[in-house]
Structures are given as structure tokens and as C-alpha cells.
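New to this one? Take a moment to look it over, and then we'll walk through it piece by piece.

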Amino acid sequence: MNATNSGGEKRTADSRVDVAIVGGGMAGASLALMLAHYCPDLQVALLEQKPLPASGIQPVLPSFDTRATALAAGSLQLFEQLGLWPELRTYCAPINEIHVSDRGRGVGARLSAAREARAQFQGMFGAVVENAALGPVLYRALADTSVHAMAPADVQRVAFGEEGAELYWRDDAGAEQRLRASLLVAADGVDSPLCRQLGIETERVDYHQRALVTTVGLQRDHGGVAYERFTDSGPMALLPLPDREGAHRAALVWTCEEEDADALCALDSDAFVDRVQRTFGWRAGRLVRSGAVASYRLSLSLAKEQWRRNLVLVGNCAHFLHPVAGQGFNLTLRDSEALARALSGDGGRLLAQNSSAALDLLENYGRERQQDQQLTIGFSDRVPALFASGNPLVRSSRQLGLLGLNVAPPLRTSFLSQAAGFGL
């Protein structure tokens with residue numbers, strides 16, 4: 001069967017578009033929607049190796065075996081501009097308060113969206129959405145655009161010439177097809193096969209840690225409070241989720257040392273919940289159950305090149321962050337919006353010319369994104385080490401930092417504005 005676009009029209013074996021996005025996950029789909037919004041005259045193709053969900057099918061949302069994403073206020077604002085918020089909000093739990101604490105050290109910071117207008121969206125710092133819901137929402141929106149969603153499309157090789165990129169890919173029948181594009185966007189995730197083929201190297205920091213991810217049940221309503229709790233066993237984030245089937249729920253992300261992860265994953269549900277309760281404490285009340293626990297090895301991965309002539313990287317293949325601040329996908333959305341805005345207006349014409357001006361456009365985009373990326377990546381990289389340190393001087397410094405978030409409005413505003421995606 002030949003791959004089809006979102007409207008069902010068959011594509012020819014040799015086609016040309018302005019922008020080809022390889023990778024149809026949340027990063028690639030979000031960028032495709034932003035290009036459709038800001039650059040309606042551009043022809044955009046989205047190539048995904050796996051079959052895409054049918055646009056009319058409602059997401060299947062298990063109550064406890066799920067992964068979730070924290071969307072910052074700036075990200076919610078972007079989704080509102082794309083027209084997605086009315087549907088997306090039905091799957092979200094708002095973050096009305098953020099509580100940051102260092103277990104056993106006394107001082108913590110409790111931040112309220114009601115008092116921080118600069119860093120909030122419709123009264124929220126952000127919202128938490130389950131990935132199983134976010135993906136279908138994105139693809140239902142794509143079905144109403146001119147984006148050519150081509151799947152399954154297994155990209156075999158890429159070549160660059162005077163007219164841009166040439167992609168050779170196979171459909172699910174094994175037939176090879178060619179797609180030419182003025183701009184190729186790699187969005188195929190961490191350890192990107194496309195980046196390996198193109199010889200793009202990455203800088204890596206191995207944290208020697210694992211993230212344990214699950215959903216936990218709460219005896220009481222979470223009240224829209226998101227917790228970031230730094231413990232002797234590693235940072236723990238407890239994020240509000242919508243109630244389902246009468247159960248109060250929260251998403252747990254527990255960053256722990258590698259040597260502890262296997263033993264924790266081997267615990268049965270009751271023993272695991274008991275361990276989480278003893279480690280996290282009682283700030284969120286009693287935990288009553290957990291879903292299946294998934295484990296992910298943690299590292300920082302940064303591409304040494306995020307753009308070349310006719311090429312841009314977005315998402316995890318550009319930067320894969322420690323999850324402690326929940327900023328990876330939010331940073332990707334800001335990158336994607338900046339790229340879409342850069343390609344609007346005369347940007348599409350410059351791409352088609354494949355001239356030095358087209359390369360200048362991509363270099364300007366890259367320079368524009370550097371400060372935000374450096375601040376966000378630096379924060380995600382340094383905070384775990386800061387709170388893991390047992391050095392008395394470091395411990396005192398972080399306590400002063402938490403105290404400053406409580407009593408110093410300029411410090412609090414700066415911290416929240418950056419976290420919300422409004423800092424620059």
C-alpha cells in the first residue's frame with residue numbers, strides 16, 4: 001500500500017515538498033502543525049516509520065499504566081494559538097501550585113500561579129497531559145491541514161544536492177520512493193538514525209541514573225499541586241493527573257542511582273508504594289497504589305550541529321535533557337515555533353532558492369535559540385548535582401536558594417518565567 005497524506009490522497013513515487021520532517025512523534029507532529037499555522041503556503045511532508053493513529057479514533061487511556069508530559073504555560077499558549085487547547089484541556093490536569101523542597105532540610109518553596117501572573121496561562125503554571133492523549137490530539141489537528149502525513153515511511157538514505165535534500169524511503173509494501181525537499185528536519189529522537197547517517201556527532205553526559213516512571217493513586221485530591229522533592233534517594237517529581245474512574249492520580253518520576261533501580265522495579269505494587277511513601281513523605285497525603293513501573297537510563301545528549309545547509313534538528317535528536325525540571329518537550333516546542341516563524345514570509349522563498357541567504361536564515365534561527373537552550377539545558381544539568389550533594393556549604397546554599405524563592409519577588413519571577421517559557 002502506498003503511503004497517503006492526511007486526506008487520503010495517494011502520493012507519487014517521486015515528489016517534491018518545501019519541508020520534509022523525518023519523525024512523527026510529538027516533536028515532529030508539533031512542528032508540522034506550527035508550519036501549517038505560520039507558513040500555510042509551504043508544502044510540508046511528515047514521514048513516520050510506524051503507522052499513525054486514525055484521526056477519528058479516541059485515545060485509549062489506561063488509569064495507571066501511562067506516561068505523562070508537563071506542559072509549561074508558554075507551551076499551553078502555543079497550543080492555544082494552534083487551536084488545540086479546547087480539546088487538549090479535557091485531557092489535562094492544571095498545575096496551580098509548585099512545591100519545591102529538600103527532604104529533611106526544613107525550608108521549601110511553595111509557588112502559587114494565582115500570585116504570579118507573568119508566568120501563568122489562564123491561572124495555571126502549566127498542565128500535565130498523558131502522552132496517550134496528546135499524540136491523538138496532535139494527529140487529529142494535522143488531519144485538518146495540508147501537511148502530507150506519510151506513514152509507514154521508513155527512510156533508508158538521504159543525499160544533498162544543489163536543490164536541497166533527497167530522501168529515499170520505503171512504504172509498507174517495500175516499494176522505494178523518493179522525496180525531494182528544500183529543507184530536511186530531523187525529528188527522529190535520541191540516537192537518531194538520520195543523524196548517524198549524516199555524521200552528526202553528539203556530546204553525551206552519562207548521569208549513571210535511571211528514571212522510574214509510573215502513575216500512583218492518591219487518597220485525596222491533589223489540588224493541582226506539582227511537587228519537586230529532592231531526597232537522599234534522588235529527585236522525585238509528583239505531578240497532578242486528571243481523575244479517572246473515581247481515582248485521584250499523579251504521575252511519578254523518580255530519579256535514582258542505577259544500582260537501586262532494578263531492586264525498586266522488582267518490588268510488587270504494595271511494596272513499591274510503601275517505599276515511595278517513606279522516601280517522598282506525606283506532603284501529598286497517602287499513596288494508595290501504583291501502575292507498572294518503567295525504567296529509563298538518563299543522560300544529557302547534545303548534537304554538535306543543530307543546523308546545516310538544508311538541514312535542521314529538533315526534539316530529542318537535538319537535545320535530550322535530564323527530566324528533573326520537565327523542560328525537554330517545552331524547549332522543543334519553543335525551538336519549533338521559532339523555526340516556523342523564521343520560515344514564514346520570505347523564508348519559504350529563500351529555502352527554494354537554496355542560496356547563501358537560505359543558510360543565513362538557518363544560522364539566524366540557531367543563534368536566536370542559543371540563549372534559551374543554554375539556560376534550560378544548564379538548569380536541567382546542574383540542579384540534580386546540586387541537590388544530591390551532601391557538602392554542608394552546598395546544602396546551605398540550596399536552602400538559601402529555596403528561601404529566596406519564597407521571599408524575593410525578582411528571583412521568584414525570573415525562575416518562574418524561565419520555567420514557563422517566557423523568560424527570554
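What follows is an informal tour, from the whole chain down to single residues.

**The big picture**

Keep in mind that this is a predicted model. The chain has 12 helices and 20 strands. It runs to 424 residues, and buried ones make up 53% of them. If you take the contacts between residues at least 6 apart in sequence, 75% of these join residues at least 24 apart.

**Helix 1 and its two partners**

Let's begin with helix 1, which covers residues 26-38. What does helix 1 meet, and at what angle? One partner is helix 8 (residues 328-343), whose axis comes within 9 Å of the axis of helix 1, with a crossing of roughly 30°. That angle makes the two helices roughly parallel, because angles under 35 degrees count that way. The crossing of this pair is right-handed.

On the helix 1 side, the residues in this contact are M26, A27, S30, L31, M34, L35 and Y38. Helix 8 answers with F329, T332, L333, S336, E337, L339, A340, R341 and L343. Sorted by class, the contact between helix 1 and helix 8 holds 11 nonpolar, 3 polar and 2 charged residues.

The other partner to look at is helix 4 (residues 131-142): its axis and that of helix 1 come within 10 Å and cross at roughly 30°. Helix 1 is therefore roughly parallel to helix 4 as well. Here, though, the crossing is left-handed. The residues that make this contact are M26, A29, S30, A32 and L33 from helix 1, along with N131, L134, L138, Y139, A141 and L142 from helix 4. By class, the contact of helix 1 with helix 4 comes to 9 nonpolar and 2 polar residues, with no charged ones.

S30 is a good residue to pick out in helix 1. It appears in the contact with helix 8 and again in the contact with helix 4. Is S30 buried or exposed? Its relative accessibility is 1%, so S30 counts as buried. Leaving aside residues up to four places away in sequence, S30 touches F79, L138, F329 and L333.

One of those neighbours, F79, belongs to helix 2 (residues 73-81). F79 is buried there, and so are A73, G74, S75, L76 and L78. Right after helix 2 comes G83, with a positive phi of about 85°.

**A closer look at helix 8**

Back to helix 8, where a quick length check works out nicely. How far apart should its ends be? With 16 residues at 1.5 Å each, helix 8 should span 22 Å, and its end C-alpha atoms are 23 Å apart, which agrees. Helix 8 is also largely enclosed by the rest of the structure, because 13 of its 16 residues are buried. Just after helix 8, G345 has a positive phi of about 65°.

**Some unusual backbone spots**

Most residues other than glycine have a negative phi, and most peptide bonds are trans. With that in mind, two residues and one bond are worth finding in the loops. The two residues are set side by side here:

| Residue | Phi | Relative accessibility |
|---|---|---|
| Q122 | near 50° | 44% |
| D191 | about 55° | 46% |

Neither Q122 nor D191 is a glycine, yet phi is positive in each. To find Q122, go to the loop between strand 6 (108-112) and strand 7 (126-130). D191 is in the loop between strand 11 (176-186) and helix 5 (193-197). With the accessibilities in the table, Q122 counts as partly exposed, and D191 counts as partly exposed too.

The bond is the one between A151 and P152, a cis peptide bond with omega at about -5°. P152 sits in the loop between strand 8 (148-150) and strand 9 (154-161).

**One residue in a strand**

Last stop: A211, which lies in strand 12 (residues 202-218). At 4% relative accessibility, A211 counts as buried. What does A211 touch, not counting residues up to four places away in sequence? Its contacts are V253, W254, T255, A294, S295, Y296, L298 and P323. A294 is 83 residues away from A211 in sequence, while the C-alpha atoms of the two are 8.0 Å apart in space.

Methods. Residues are numbered from 1 along each chain as its sequence is written. This is a predicted model: local features need pLDDT of at least 70, side-chain atom pairs count only at pLDDT 80 or more; totals for chains, interfaces and linings use all residues. Side-chain values use heavy atoms; hydrogens and water are left out. Axes are lines fitted to C-alpha atoms, for helices over the stretch in contact, and angles run from 0 to 180 degrees between N-to-C directions. Helices (H or I, at least four residues) and strands (E, at least two) are DSSP runs, numbered from the N terminus. Angles under 35 degrees count as roughly parallel, over 145 as roughly antiparallel, 65 to 115 as roughly perpendicular and the rest as oblique. A crossing is left-handed if the near helix is turned anticlockwise from the far one by less than a right angle, and right-handed if clockwise. Contact means heavy atoms within 4.5 Å. Ala, Val, Leu, Ile, Met, Phe, Trp, Tyr, Cys and Pro count as nonpolar, Asp, Glu, Lys and Arg as charged, and the others, Gly among them, as polar. The expected span of a helix is 1.5 Å times one less than its number of residues. Buried means under 20% relative accessible area, exposed over 50%, partly exposed in between (1.4 Å probe, protein chains only).
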